[in-house]
Amino acid sequence: MTRELGCKFEIAPHFELPADWQERLLIGAGVEECDGGFFPHGPWRSPDAGELSQLVAGQPNSNTSDDKVELFKLPAHLCAQWWQLLGRTGDASTEAGRLPGYDAFLAQIADFLTFKSLAINDPVSCDVVVTRPGQRSVRWDPAEGHPLGLGCTIPPQTPCTMLESQSSCRPRLWGAINLGDEATSFVLIAPPCRAMTKRLRRDFPDRASPATLGALIEQFLRSCPDVSPVRVTLHPGEGLRLPGEAMLVDGFPHDKREPDVLLLITESRLSGPT
């Protein structure tokens, strides 16, 4: 029986890059818990025809779709500029904690994505995450010295009642860009969190409903460890925009030979009362 694989993938409108979905996408066997975190695991395989039809959207829409994972690619001059920035790591301002030209580089990325109809809502924060090859996650607990595993695109303390809203929660992980010089993978868990709630209500009607998103995720993954993780390949300079609703994601540098370099883009919390 074909599994329910959640959100669909497409090349973002106004971008030209090879889809290669049969090669880009891999489906895992499930998730496992370790040191308090959850990690996707293999064996990994290519999707069959039925699964591919679930995973890949039809013809791209002229307007950005908030329920799809959209792939895009930075222009060559921005990729080259990133490596030029890294070449300045010996500057005094870098030693003080600032990479010279970094803010201007981020502004150029934002302008480019806006021009391509992939605007990022202000305020925004951007973090470059460098991970050793062979790690199971790009999320790391420095205090405990181990990877954290899958994380939600919105904070885990968010009340589950917020999932019923049709608007995007903030702060939220908008997307990620591969700034390394080697292909990397990004993992998404199907289904999104709103569908997790419905499945738990259906399969375990006698259980108390979790109050927060973090509690929902733990309950769901412990009850459904065979849920399908989906890996998508991002070549150097490629990125993805995530759907607006809450979902579980992580970088996956396990198969890499070089350090993984991901730019994680987060739409921050709006100012004012909440």
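How many nonpolar, polar and charged residues does the lining of the largest pocket have? The lining has 17 nonpolar, 7 polar and 5 charged residues. The model behind these values is predicted. Start with that pocket, then move to the helix pairs and the backbone.

The largest pocket holds about 610 Å³ of space. Its lining counts 29 residues. Nearest the centre of the pocket lie Arg-139, Leu-150, Gly-151, Cys-152 and Pro-156. Several strands and one helix take part. At least two lining residues come from each of β4 (37-41), β6 (124-131), β9 (151-152), β10 (172-178), β14 (248-252) and β15 (260-267). Helix α7 also supplies at least two. Rolling a probe the size of a water molecule over the atoms is a way to show where empty space is left.

Follow α7 away from the pocket lining to its helix partner. Helix α7 spans residues 213-223, and it packs against α6, residues 193-203. Their axes are 10 Å apart, at an angle of about 60°. An angle from 35 up to 65 degrees is neither roughly parallel nor roughly perpendicular, so α6 and α7 are oblique to each other. Their crossing is left-handed. On the α6 side, the contact uses Cys-193, Met-196, Thr-197, Arg-199 and Leu-200. On the α7 side, it uses Leu-213, Leu-216, Ile-217, Gln-219, Phe-220 and Ser-223. By class, the residues of this contact are 7 nonpolar, 3 polar and 1 charged.

A second helix pair is α3 (residues 76-86) with α5 (102-115). The axes of α3 and α5 come within 11 Å and cross at roughly 170°. An angle over 145 degrees counts as roughly antiparallel, so α3 and α5 are placed in that class. The crossing of α3 and α5 is left-handed. From α3, Leu-78, Gln-81, Trp-82 and Leu-85 make the contact. They meet Tyr-102, Phe-105, Gln-108, Ile-109 and Phe-112 of α5. The residues of this contact divide into 7 nonpolar and 2 polar, with no charged residue.

Now the backbone. Most residues other than glycine have a negative phi, and most peptide bonds are trans. Three sites depart from that pattern.

Take the loop between α5 and β6, where Pro-123 lies. Asp-122 and Pro-123 are joined by a cis peptide bond, with omega about -5°. The other two sites sit in loops on either side of β4. Before β4, the loop from β3 (30-34) contains Asp-35. Phi of Asp-35 is positive, near 55°, and Asp-35 is not a glycine. After β4, the loop leading to α2 (49-55) contains Pro-43. The peptide bond from Gly-42 to Pro-43 is cis, with omega near 10°. Strand β4 also returns us to the start, as one of the elements that supply at least two residues of the pocket lining.

Note on methods
Residues numbered from 1 in each chain as written. Predicted model: local features only at pLDDT ≥ 70, side-chain atom pairs only at ≥ 80, totals over all residues. Heavy atoms only, no water. Axes fitted to C-alpha atoms, helices over the stretch in contact; angles between N-to-C directions. Helix = DSSP H or I, 4+ residues; strand = E, 2+ residues; numbered from the N terminus. Parallel < 35°, antiparallel > 145°, perpendicular 65-115°, else oblique. Left-handed = near helix turned anticlockwise from the far one by under 90°. Contact = heavy atoms within 4.5 Å. Nonpolar A, V, L, I, M, F, W, Y, C, P; charged D, E, K, R; others polar. 1 Å grid on protein atoms, 1.4 Å probe; cavity = no way out; pocket = protein on both sides within 12 Å on 5 of 7 lines; lining within 4 Å. Points joined across faces, edges and corners; volume = space filled by probe spheres on them.
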